[in-house]
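Q: I'm new to reading protein models and would like a close look at one small spot in this one. Please start there, then work outwards to its surroundings, in plain language.

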Amino acid sequence: MKAPVIMQTQAHKRLFLGLLAASLLGILFLIFGLWYLFFYPAKSALYHTIFLIILLFVAGGILLAALGALGIVITLLAAKNFPFLQAPIRLAIHLLYPAALALGRLLRIDKDRIRSSFVEVNNQLVKARRIKAAPDQVLLLAPHCLQWTGCPHKITVDVNNCRRCGQCYINDLLELRDRYGIKMGVATGGTLARKYVEEYRPKAIVAIACERDLTSGIQDVDRLPVLGVANERPHGPCRDTCIRIERVEEAIRHFIG
Ligand code: SF4
């Protein structure tokens with residue numbers, strides 16, 4: 001039976017941004033520590049040379065990541081895309097996201113809250129790029145767990161196997177697909193999701209998943225714009241999950257204008 005969606009409070013961008021800044025600060029302290037080790041105690045010239053190369057390499061990466069973190073804040077504040085900041089922003093996300101998660105664990109902050117905040121930041125960054133695509137260049141990726149557990153139809157093989165009985169949210173998503181003329185795939189995991197991306201070669205993706213899969217998926221295809229919509233799990237993880245259809249529709253409309 002299709003469960004109603006429970007309204008959840010949306011994650012705030014500030015949580016992820018705060019953790020990002022704190023992680024950056026922590027890494028900077030680490031570099032200062034390494035700098036101290038470089039000078040003291042006195043070691044051989046070879047030791048100094050190797051250490052200096054490593055230090056310069058790490059410091060260069062961190063400086064770029066710091067520029068990326070600043071780029072995220074500037075883009076969010078201006079709600080405008082700055083193409084020259086794209087590469088540092090990607091680096092900042094790849095480098096600092098695991099550090100932000102680790103710091104969150106240390107501070108006992110729920111992982112899904114951090115991931116949700118990251119998805120929110122990502123969505124704002126994607127929206128700032130104002131990318132427009134033809135309907136058939138937009139791919140809607142839905143997770144298998146939206147399908148009613150009692151349904152016998154193999155929709156991961158072909159989503160058109162759905163009989164549109166209305167027992168689960170797959171029917172609502174198919175209605176969106178048909179209304180807007182976009183592509184759609186139902187995936188059991190990252191491998192199948194990647195296969196859909198290779199097959200359809202979309203210009204933009206609207207992805208539905210749990211916070212964990214959304215964050216890894218967004219980072220997996222970081223050159224493609226992905227608007228993420230987290231599903232809701234009134235029956236526990238991976239079982240008869242729900243989605244707020246209006247949020248999915250809003251994301252589709254953002255791309256096709
Ligand atoms: S809407 Fe489609 S996928 Fe959902 S239960 Fe009905 S036939 Fe199965």
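A: Let's zoom in on Ile109, which sits in the loop between helix H3 (86-106) and helix H4 (111-128). Keep in mind that this is a predicted model. How buried or exposed is Ile109? Ile109 has 17 C-beta neighbours inside 10 Å, so it counts as partly exposed. To see why, you need the two cut-offs: 20 or more neighbours would make a residue buried, and 12 or fewer would make it exposed. Its contacts, leaving out residues up to four places away in sequence, are Gly104 and Ile114. Now pick a residue far along the chain, such as Ile218: it is 109 residues away from Ile109 in sequence, and their C-alpha atoms are separated by 21 Å.

The two helices on either side of that loop take us to the next level. The domain assignment splits the protein chain into domain 1 (13-128) and domain 2 (135-256). The C-alpha centres of these two domains are 31 Å apart. Where they meet, 12 residues of domain 1 are in contact with 13 residues of domain 2. Both H3 and H4 supply at least two residues each to the side of domain 1 that touches domain 2. H4 gives the most to that side, with 9 residues. The make-up of this side of domain 1 is evenly split, with 4 nonpolar, 4 polar and 4 charged residues.

While we're on domain 1, have a peek at the start of the chain. His12 lies in the segment before helix H1 (13-39). Like the loop residue we began with, His12 gets the label partly exposed, because it has 14 C-beta neighbours inside 10 Å. Now compare sequence with space: His12 and Phe118 are 106 residues apart along the chain, but their C-alpha atoms are separated by 8.9 Å.

Next, cross over to the strands. There are 4 of them, forming an open sheet in the order S2-S1-S3-S4 with parallel pairing. Strand S2 (183-187) and strand S4 (226-230) are at the edges with a single partner strand each, so one side of each has no neighbour in the sheet. From one strand to the next, the twist averages 15°. If you're wondering what holds a sheet together, strands pair through backbone hydrogen bonds, either parallel or antiparallel.

Let's walk through the pairs, beginning with strand S1 (residues 138-143). S1 is largely enclosed by the rest of the structure, because 6 of its 6 residues are buried. Val138, Leu140 and Ala142 point one way from S1, while Leu139, Leu141 and Pro143 point the other way, and all of them are buried. On one pairing, S1 and S2 run parallel and share 5 bridges. Here Pro143 stands opposite Ala187 in S2, and Ala142 has Val186 as its bridge partner. S2 is mostly covered too, with 4 of its 5 residues buried.

S1 also pairs with S3: 4 bridges join these parallel strands. In this pairing, Leu140 stands opposite Val206 in S3. Strand S3 (residues 204-209) then pairs with S4 over 5 bridges, again in the parallel sense. One of the matches there is Ile208 with Val229 in S4.

There's a ligand to find as well. Which residues come nearest to the ligand? Of the 14 residues around it, these are Cys151, Cys162, Cys165, Gln167 and Cys168. The whole shell divides into 7 nonpolar, 5 polar and 2 charged residues.

Finally, step back to the full chain. The protein chain has 8 helices and 4 strands, and along the sequence they follow the pattern α-α-α-α-β-α-β-α-β-α-β-α. The C-alpha trace spans about 75 × 35 × 30 Å along its principal axes. Of the 257 residues, 33% count as buried. And if you take the contacts with a separation of 6 or more, 69% of them are between residues 24 or more positions apart.

Terms used. Residues are numbered from 1 along each chain as its sequence is written. This is a predicted model: local features need pLDDT of at least 70, side-chain atom pairs count only at pLDDT 80 or more; totals for chains, interfaces and linings use all residues. A residue is near a molecule or strand if its C-beta atom, placed from the backbone, lies within 6 Å of it. Ala, Val, Leu, Ile, Met, Phe, Trp, Tyr, Cys and Pro count as nonpolar, Asp, Glu, Lys and Arg as charged, and the others, Gly among them, as polar. Two residues are in contact if their C-beta atoms, placed from the backbone, lie within 7 Å. Two strands pair if DSSP finds at least two bridges between them. Axes are lines fitted to C-alpha atoms, for helices over the stretch in contact, and angles run from 0 to 180 degrees between N-to-C directions. Domain bounds come from an automatic or database domain assignment.
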